[in-house]
Every structure is written in C-alpha cells, then in structure tokens.
Amino acid sequence: MIKAVHIEDEPRNIELLETMIQQHCADDVTLIGNAKNIPDAIKLINRLKPDLVYLDIELNKGNAFELLDQLPDISFQVIFITAYNEYAVKAFRHNAVDYLLKPISIAELQEATAKAIVKINSLSVNADILKVLKDLKSNFSHNKIGLPVTDGVIFINKDEIVSCEAKGSYTIVSLENKKKITCSKTLKELEQLLPESNFIRVHNSWVINTQFLKKYYKGKNSYMEMEDGSTVAISFRKKGEILSFLKHLE
C-alpha cells in the first residue's frame, strides 16, 4: 500500500481530495496525513516519510517550491496540484512530473496517482525533481504577473503583453489577443515588474515588449509599429537608447 500525504491550505480542498482518494484510489493509496503550511508540512513529511505527496503549488505564506527546498531528502513522488492554466502546466508535462489541475477530476486523479505508483513500485526516485523545481520556479516567478483591476486581480503571462501605456495613475496594458486591461498600477510600478530583456521604455508614457516589435520608423518624429498594428511614439530623450538597442538586434 502506498502511503500518501496532502499539503493544502484550504480545508474544503483537503476534505475533497481525501473523499476522492477513499472512493476512487483506496485500493492503491492510503492518505495518512495532511498539513496546511510549510512548517507543519516539513514536520509531517519527516515524521511519516510518505511514498507520495499531493502538493498544492500555492500555500499559506509560501509555496511548494519553498517547501521542497527545505527538505533534506526528496525520496518521494510528487503530484503537484495547481490552478494555473495550460501554459504553466506544459512545464510539468515536459519534465514528466505528475500534476492535477483544479478543479480536480476523478479520471485525472486516478491517472496521475497510477503514474506515481508505477514509479514508486519500480523504486524509481524522481532524479529530475530539482531541475523541475528550478524550471517551475522560473515559470511562476518570472512569467506570471498580477494586474490589479477594479474588481480584483487578473493574472496573465508577461509574454502576452504587447505594450503598456500610462494614463495618469493607471496603465493600459495591451495584450497579444488585442484585449486591453486598465491596471491600477502606474507605468513606473509596472515597468519594475517586467523583465528588462524583453521590455523597454520608449517614451514617458510607453513601455513595449520587443518580441512584438514589427518596424521602427526613423526621422524627427520616430515611432514604432507593433505586431498588433498599433503605433508607439519614441521620445527624443529615449531615441539614442532605442537605436542602441535596435543595433543589437541586427
């Protein structure tokens, strides 16, 4: 019998997974404990030494990566649980790590659990786990950004952003799908969250993603055309910096 623990900070989700495992995976897995935060999870795993850990990515005051970093020995299989979209999930598939996408379906729970059990029974420890963690950290810390809006926060991938335009204390964020989001961060605040490798300030009111740059129009009133057809003015003060940047692309 496979010993499993569940690390999750939402009581309702803990109860739901326990019920699903009892009803649909009971012949293979026994859930022997759960924890809601990183300190308790470390104690639980070190004490019970499970074969399998169902691990939610986002935890109260931390995340799965911080938890696994603090464990001296990762000798168990991990099934990550995430509410992130297909883009983030590609990292799991690419590295052959099992995952469950919320809301959890019975079929996916059974399939992921079965894959983990095969690895456990074959004494195959996930030797790539540290590489996986590094890749996933990069995806979640660098690719996702939260944009505060009037009714909450919208999470998008940074590489979906085409341009950002200042509108007073707000910023209009234009996306690849031509959707526009009015964000309650200033352009300066937003610029600090975007990677310098792709994003560049071309005007007092504009930051663009160079991945979507289509054409640079030189002249006294130089400007840039983006892939979505929009145009962005280049300030005289920024012109030298832009030309230097463009030179590196040639």
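Modeller: Two strands count as paired if DSSP finds at least two bridges between them. Keep that in mind for the sheet below. This is a predicted model.

Colleague: How many helices and strands does the protein chain have?

Modeller: Both kinds of element are present in the protein chain. The helices number eight, and the strands number 17.

Colleague: In the open sheet of five strands, what is the strand order?

Modeller: The pairing in this open sheet is antiparallel. Its five strands run in the order β12-β11-β10-β14-β13.

Colleague: Which strands stand at the edges of that sheet?

Modeller: An edge strand here has a single partner, so one side of it is left without a neighbour in the sheet. That holds for residues 180-183 and for residues 199-203. The edge strands are therefore β12 and β13.

Colleague: What does the twist average from one strand to the next?

Modeller: The value is taken from strand to strand across this sheet. The average twist is 20°.

Colleague: Which residue stands opposite Ser174?

Modeller: Strand β11 covers residues 170-175 and pairs with β12 in the antiparallel sense. The two share four bridges. Opposite Ser174, in β12, stands Lys180.

Colleague: How many residues lie between β8 and β9?

Modeller: β8 spans residues 144-149 and β9 spans residues 152-157. They pair in the antiparallel sense over six bridges, and Pro148 stands opposite Val153 in β9. β8 and β9 form a hairpin, and the number of residues between them is two.

Colleague: Which element gives the most to the largest nonpolar core?

Modeller: That core has 22 residues. β1 (2-7), α2 (38-48), β3 (52-56), α3 (64-69) and β6 (77-82) each supply at least two of them. The most, six residues, come from α2.

Colleague: Which residues have the most contacts inside the largest core?

Modeller: In soluble globular proteins, nonpolar side chains tend to be buried together. One of the residues sought touches Ala41, Leu44 and Leu67, among others, not counting residues up to four places away in sequence. The residues with the most contacts inside the core are Ile7, Leu55 and Phe76.

Colleague: How many residues are in the second core?

Modeller: This core is separate from the largest one. It includes Ile2, Cys25, Ala112 and Ala116. Its residue count is 18.

Colleague: What share of the residues in the protein chain is buried?

Modeller: A residue is buried here if its relative accessible area is under 20%. The protein chain has 250 residues, and the buried share is 44%.

Technical notes: Residues are numbered from 1 along each chain as its sequence is written. This is a predicted model: local features need pLDDT of at least 70, side-chain atom pairs count only at pLDDT 80 or more; totals for chains, interfaces and linings use all residues. Side-chain values use heavy atoms; hydrogens and water are left out. Buried means under 20% relative accessible area, exposed over 50%, partly exposed in between (1.4 Å probe, protein chains only). A nonpolar core is a set of buried Ala, Val, Leu, Ile, Met, Phe, Trp, Tyr and Cys residues joined through side-chain atoms within 4.5 Å. Contact means heavy atoms within 4.5 Å. Axes are lines fitted to C-alpha atoms, for helices over the stretch in contact, and angles run from 0 to 180 degrees between N-to-C directions.
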